[in-house]
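Reader: I should be grateful for a close look at a single part of this structure. Please describe one sheet and its surroundings in a connected account.

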Amino acid sequence: MGKRKKRFSAARRPVAVSNIRFSNAWPVVKLVILIACVSVGVVLMVLYGFPLIEDLIKGVDPALRYQPSVEKEFTTAAHETADEEYQPFEMYLADHKTKNDPYIYGNQVIFTTRVEKTDVFQLDAVGIYDTETEQVNILPNVEKKYDNLLNPVMSGDVAVWIDSMVNGGGRIVGYDLAKNKQFVIKEYGYAIPALSIDGDILTFMQWAGDTTQRLYAYNIKTREAVTIRLFDTETGNSAADVSATDLVWSEYRPDGGGTSATLKRIVFSGDTSRFENYDLGTDVYEPKTNGKDIVFATTRDITSGNLMLSTGGSEPVKIAENVLNYDLGDNFVAYTKDDTIYISYTNQQKTVAITTEITKNLLVSVTGNGITYYDITDGILTDEVVMYTFVK
């Protein structure tokens with residue numbers, strides 16, 4: 001310090017301007033540092049002090065507040081709704097791993113299964129699962145005449161299924177659930193007919209030869225059958241679908257070369273019925289009806305076309321494309337696309353994924369507000385994971 005003082009004295013020069021500025025700025029720097037320290041203190045108080053005081057007041061261990069939280073359920077962007085709105089349930093049966101073609105009807109799910117453990121795998125029994133009690137009833141007095149029992153459906157106190165031969169042919173079987181008694185509806189000699197039932201009416205298309213196809217309606221209450229239409233065709237028509245008020249199917253146009261199909265519809269009115277032209281202005285394949293809405297594909301191979309919806313007779317609108325399969329409920333269309341189950345509401349412009357992207361799923365049946373589907377994530381088809389849910 002003595003040397004520095006002597007040097008400045010000998011020079012007898014004014015003090016540098018820069019030194020003056022440094023001297024004046026130092027109090028400002030100290031003020032900024034003080035403010036920063038106070039700010040940090042306030043932040044720390046907000047983040048830790050106040051919560052600590054709150055925990056002490058509530059008698060909660062403060063150490064638990066900052067433990068990492070673990071999500072109990074995974075959600076995906078495609079699953080846009082709350083989980084409880086489309087709560088999935090598994091139809092778990094420890095004694096019946098095989099649950100084939102589960103068809104939901106109210107709070108019951110009917111399916112075919114295997115009871116006899118033989119070297120040859122055959123579906124030889126029919127069960128009904130109660131979604132409320134989570135119990136299953138294997139129907140007594142079921143007689144399998146051929147190879148496999150397939151495609152069960154239900155309405156009221158009657159169940160219906162196919163008793164099928166592997167090499168073709170078989171019979172359509174009915175079952176009185178009140179009397180536990182089986183009865184035969186009709187024998188068939190060719191391809192397995194697709195069944196549709198609503199109320200007392202069961203409908204199905206049946207091949208009667210290489211170029212002959214019949215559309216049948218069967219009253220499960222009176223056990224009377226009626227041939228609605230007889231077709232001379234080589235390409236065949238779509239399966240029929242029935243509701244409480246109408247019946248729909250699609251026919252190939254005579255001049256379409258087998259590549260153009262039109263909608264056909266019968267409307268029920270009391271004890272009478274009438275044919276009704278219901279031109280939707282486009283090709284119609286595999287139509288489904290709930291009595292007021294109709295959903296259909298625009299191509300015979302539905303995976304390469306559009307899925308269209310007509311609500312209340314209105315002009316059809318596209319709701320999806322390249323779907324794998326679909327069905328129609330009271331107020332929604334359910335379909336499978338890219339291993340995901342979607343529903344599109346018929347009374348509002350809204351489409352929702354009801355399964356997540358971390359699973360693979362396949363739609364099986366839709367009735368009323370109920371849906372059944374397979375969870376095929378693990379790819380095991382002999383131990384089906386059957387899920388069901390209800391749309392509000």
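Author: The account below begins with the chain as a whole, turns to one sheet strand by strand, and then follows the residues around it.

The model is a predicted one. Its protein chain contains two helices and 28 strands. Of the 392 residues, 41% count as buried. The accessible surface of the chain comes to about 22300 Å², and carbon and sulfur atoms account for 53% of that surface. Among contacts in the chain with a separation of 6 or more, 37% are between residues 24 or more positions apart.

The part chosen for the close look is an open sheet of four strands in the order 22-23-24-25, with antiparallel pairing. Its edges are strand 22 (325-328) and strand 25 (351-353), each of which pairs on one side only. On average, neighbouring strands of the sheet are turned by 20° against each other, direction ignored. In general, the strands of a sheet pair through backbone hydrogen bonds, either parallel or antiparallel.

Strand 24 repays particular attention. Five of its six residues are buried, and the strand is thus mostly covered. Towards strand 23 (residues 332-337), strand 24 is joined by six bridges, and the two run antiparallel. Within this pairing, Phe332 has Tyr345 of strand 24 as its bridge partner. The hairpin of strand 23 and strand 24 has two residues between the strands, and Asp338 in this hairpin takes a positive phi near 55°.

Towards strand 25, strand 24 (residues 340-345) is joined by three bridges, again in an antiparallel arrangement. Here Tyr342 stands opposite Ala353 of strand 25. The hairpin between strand 24 and strand 25 passes through five residues.

Tyr342 also takes part in an aromatic pair. The structure holds seven such pairs. A pair of aromatic rings is described by the distance of the centres and the angle of the planes. For Tyr335 and Tyr342, the centres are 5.6 Å apart and the planes are at 20°, and the pair is stacked. Are these two rings buried or exposed? Tyr335 has a relative accessible area of 4% and is therefore buried, the limit being under 20%. Tyr342, at 22% relative accessibility, counts as partly exposed.

The sheet region is also approached by a loop from later in the chain. Asn369 is found in the loop between strand 26 (361-367) and strand 27 (370-375). Asn369 and Gly329 are 40 residues apart in sequence, yet their C-alpha atoms are 5.8 Å apart in space. Leaving aside neighbours within four places in sequence, Asn369 is in contact with Asp330, Phe332, Thr389, Phe390 and Val391. One of these contacts, Phe332, is the residue whose bridge partner in strand 24 is Tyr345. Asn369 is partly exposed, with a relative accessible area of 36%.

Phe390, another contact of Asn369, leads to a second group of rings. Ring pairs link Phe89, Tyr129, Tyr388 and Phe390 into a cluster. Within it, the rings of Phe89 and Tyr388 have their centres 5.6 Å apart and their planes at 25°, so the pair is stacked. Phe89 lies in strand 1 (residues 89-90) and Tyr388 in strand 28 (residues 385-390), 299 residues apart, and the pair thus links distant parts of the chain. Tyr388 counts as buried at 2% relative accessibility, whereas Phe89 counts as partly exposed at 36%.

For context, the nonpolar cores of the chain may be added. In soluble globular proteins, nonpolar side chains tend to be buried together. The largest nonpolar core has 29 residues, and those with the most contacts inside it are Val160, Trp161, Ile172, Leu195 and Leu202. Several strands each supply at least two residues of this core, including strand 4 (125-130), strand 6 (148-155) and strand 8 (170-176). Strand 7 gives the most, with five residues. Apart from this core lies another, of 15 residues, among them Tyr252, Leu307, Leu309 and Ile319.

A further hairpin may be set beside those of the sheet. Strand 18 (residues 285-289) and strand 19 (residues 293-297) run antiparallel and are joined by three bridges. Thr289 has Ile294 of strand 19 as its bridge partner. Three residues lie between the strands of this hairpin, in which Gly291 takes a positive phi near 100°.

Technical notes. Residues are numbered from 1 along each chain as its sequence is written. This is a predicted model: local features need pLDDT of at least 70, side-chain atom pairs count only at pLDDT 80 or more; totals for chains, interfaces and linings use all residues. Side-chain values use heavy atoms; hydrogens and water are left out. Two strands pair if DSSP finds at least two bridges between them. Axes are lines fitted to C-alpha atoms, for helices over the stretch in contact, and angles run from 0 to 180 degrees between N-to-C directions. Buried means under 20% relative accessible area, exposed over 50%, partly exposed in between (1.4 Å probe, protein chains only). Contact means heavy atoms within 4.5 Å. Accessible areas come from the Shrake-Rupley method with a 1.4 Å probe; for residues, only the protein chains shown count as cover. A nonpolar core is a set of buried Ala, Val, Leu, Ile, Met, Phe, Trp, Tyr and Cys residues joined through side-chain atoms within 4.5 Å. Rings of Phe, Tyr and Trp (its six-membered ring) pair if their centres lie within 6.5 Å; planes under 30 degrees apart count as stacked, over 60 as edge-to-face and the rest as tilted.
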